[in-house]
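Let's take a look around this protein together. We'll start with a helix, move on to the core, and end at a pocket.

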Amino acid sequence: MESGLKDDLQIRETCFDDAAHLAQIIRSAFEPYRRVLVPVTGAHAETPDSIRTKLAAFTGLAAEAGGKLVGVVFIAWHADHVYFDRLAVLPAFHGRGVASSLIIELERRAAVRAVWRVTLRTRLALPDNIAFFERLGYRIYRRSSHPETGSETYALLEKHLAHESA
């Protein structure tokens with residue numbers, strides 16, 4: 001992580017007032033994938049309204065650096081696992097530990113709730129993303145396809161968090 005960013009990085013829950021900034025972060029983060037992903041990701045179409053709808057169903061975590069929102073992840077809580085979606089970091093902050101910090105915080109929150117399995121979905125066309133998650137301890141447990149394609153397009157990954165037996 002770049003010097004100084006770790007000390008300045010804050011993770012907090014999102015609120016409806018963040019919606020415009022979060023939509024912009026997601027669109028910016030997913031822009032490099034515009035011509036890579038088939039089918040096209042819905043991330044390009046995120047708006048403040050779509051983010052507010054998502055925040056009604058998901059917990060959002062935002063990363064702030066220097067008082068500026070630089071990353072986001074959405075968390076869906078289930079009885080036996082937590083699923084995270086739309087992990088996004090502004091391109092200028094890639095490689096500086098923002099995504100890892102968001103994931104570490106969501107895993108911490110899962111452990112507090114005694115939810116020991118974390119899942120996500122990512123595109124097979126993004127091997128660097130898969131490698132990133134694997135470095136954090138996630139493993140592919142299934143590959144699948146979008147209905148409109150004839151081949152596998154995404155991987156489902158999971159991580160089992162360590163916990164103490166009662």
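## Along helix H4

Keep in mind that this is a predicted model. A good place to begin is helix H4, where Val98, Ala99, Ser101, Leu102, Ile103, Glu105, Leu106, Glu107, Arg109 and Ala110 are buried.

How far apart are the end C-alpha atoms of H4? They are 21 Å apart, and that agrees with the expected span, because 15 residues (98-112) at 1.5 Å a residue should also cover 21 Å. After H4 comes alanine 114, and its phi is positive, near 60°.

## The nonpolar core

The largest nonpolar core has 46 residues, and the ones touching the most other members are Phe84, Leu87 and Phe133. Helix H2 (residues 19-30) is the top contributor to this core, giving seven residues.

Zoom in on Leu87 for a moment. Leaving aside residues up to four places away in sequence, Leu87 touches Phe30, Val72, Val73, Ala99, Leu102, Ile103, Phe132 and Phe133.

## The largest pocket

Now for some empty space: the largest pocket holds about 870 Å³. Its lining is made up of 36 residues, and Phe30, Tyr33, Leu87, Asn129 and Phe133 lie nearest the centre. The elements giving two or more residues to this lining are H2, strand E4 (82-89), H4, strand E5 (117-123) and helix H5 (127-135).

Which element gives the most to the lining of the largest pocket? That's E4, with seven residues. As for what kinds of residues line this pocket, 20 are nonpolar, nine are polar and seven are charged.

Technical notes. Residues are numbered from 1 along each chain as its sequence is written. This is a predicted model: local features need pLDDT of at least 70, side-chain atom pairs count only at pLDDT 80 or more; totals for chains, interfaces and linings use all residues. Side-chain values use heavy atoms; hydrogens and water are left out. A nonpolar core is a set of buried Ala, Val, Leu, Ile, Met, Phe, Trp, Tyr and Cys residues joined through side-chain atoms within 4.5 Å. Buried means under 20% relative accessible area, exposed over 50%, partly exposed in between (1.4 Å probe, protein chains only). Helices (H or I, at least four residues) and strands (E, at least two) are DSSP runs, numbered from the N terminus. Contact means heavy atoms within 4.5 Å. The expected span of a helix is 1.5 Å times one less than its number of residues. On a 1 Å grid over the protein atoms alone, a cavity is a set of points where a 1.4 Å probe fits but cannot get out, and a pocket is an open set with protein on both sides within 12 Å along at least five of seven lines; lining residues have an atom within 4 Å of a point. Grid points are joined across faces, edges and corners, and a volume is the space filled by probe spheres set on the points. Ala, Val, Leu, Ile, Met, Phe, Trp, Tyr, Cys and Pro count as nonpolar, Asp, Glu, Lys and Arg as charged, and the others, Gly among them, as polar.
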